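User: I am in my first year and would like a close look at a single part of this structure, namely its salt bridges. Please take me through them slowly and in connected prose.

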Amino acid sequence: AIAGNFRSSGSKTDAQILKKVSTRLQDFEAQITAQLSNMQGDFDKKLSHLNRGASGMRPLDTTSASAGLDTIAEDLDALKYDVGELKDLLSNNKGEINHVRRIVLACERDMEDFTAAMDAVNVDLDEMRARVDATHSIITSRQRVEATMTAEISTMRLDIGDIQEALKNHDSWMEDVS
């Protein structure tokens, strides 16, 4: 599970894109593993065939023309088999290479989608940084205004204290005069 909210990029979310890339890579790995296994099996079969041919080879008997022709015919059949196997391997490899190319192109497209999603995330982060900076500026400005107001209130209190003292003095003078 991925924590947090992601911004949608197009019709897909970042989590969906990551999941898709991961799935494609796993498919690619499974296909490569299967291809290597098939190639190993083909190689083992060919090696077995070659070993069979090597153990069954007879020296060319010059006394019997038919024995020499039989040996040549067997060698020719073995060669035809080998050429057929090579053709099969080449055609299989061409198909597999094209399949791998399609998978790589799909991965590249997914990476482009992922890059676009990351760009969108970066834009969102830049917008959030700008908002945080603006909020910080507002708080700093408010603190300055608050400090100024506190100083003015203190000054007004002192002035009010002076006015009260002057009124007391005036009241006492008025009492003295009367």
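Analyst: What follows goes from the chain as a whole to its salt bridges, and ends with a patch on the surface.

The model is a predicted one, and its protein chain has two helices and zero strands. Helix α1 covers residues 14–55, while helix α2 covers residues 65–177. Of the 178 residues in the chain, 11% count as buried, and the chain exposes about 14,300 Å², of which carbon and sulfur atoms supply 60%. If one takes the contacts between residues at least 6 apart in sequence, 75% of them join residues at least 24 apart.

Against that background, how many salt bridges are there in the count? The count comes to three, and Asp-110 is a good residue with which to begin. Lys-20 forms a salt bridge with Asp-110, in which the closest N and O atoms are 3.8 Å apart. This pair links distant parts of the chain, since Lys-20 belongs to helix α1 and Asp-110 to helix α2, with their positions 90 residues apart in the sequence. Asp-110 also forms a salt bridge with Arg-24, and here the closest N and O atoms are 3.2 Å apart. Once again the pair links distant parts of the chain, with Asp-110 in helix α2 and Arg-24 in helix α1, 86 residues apart.

Is Asp-110 buried or exposed? Its relative accessible area is 4%, and because buried means under 20%, Asp-110 is buried. Its two partners are described in another way: Lys-20 is partly exposed, with a relative accessible area of 31%, and Arg-24, at 27% relative accessibility, also counts as partly exposed.

The remaining salt bridge is formed by the side chains of Arg-129 and Asp-126, which meet at 2.8 Å, N to O. Arg-129 and Asp-126 are three residues apart in helix α2, so about one helical turn separates them. Asp-126 is partly exposed, with a relative accessible area of 46%. Returning to the other two bridges, one can see that shared partners join Lys-20, Arg-24 and Asp-110 into one network.

A last feature to look at lies on the surface, where Leu-76, Leu-79 and Val-83 make a nonpolar patch of about 250 Å². Of these residues, Leu-79 lies in helix α2, the helix that also holds Asp-110.

How values were computed: Residues are numbered from 1 along each chain as its sequence is written. This is a predicted model: local features need pLDDT of at least 70, side-chain atom pairs count only at pLDDT 80 or more; totals for chains, interfaces and linings use all residues. Side-chain values use heavy atoms; hydrogens and water are left out. Patches are made of residues with over 30% relative accessible area and no salt bridge: like charges are joined within 9 Å, nonpolar side chains (Val, Leu, Ile, Met, Phe, Trp, Tyr) within 5 Å. Accessible areas come from the Shrake-Rupley method with a 1.4 Å probe; for residues, only the protein chains shown count as cover. A salt bridge is a side-chain nitrogen of Lys or Arg within 4 Å of a carboxyl oxygen of Asp or Glu. Helices (H or I, at least four residues) and strands (E, at least two) are DSSP runs, numbered from the N terminus. Buried means under 20% relative accessible area, exposed over 50%, partly exposed in between (1.4 Å probe, protein chains only). Contact means heavy atoms within 4.5 Å.
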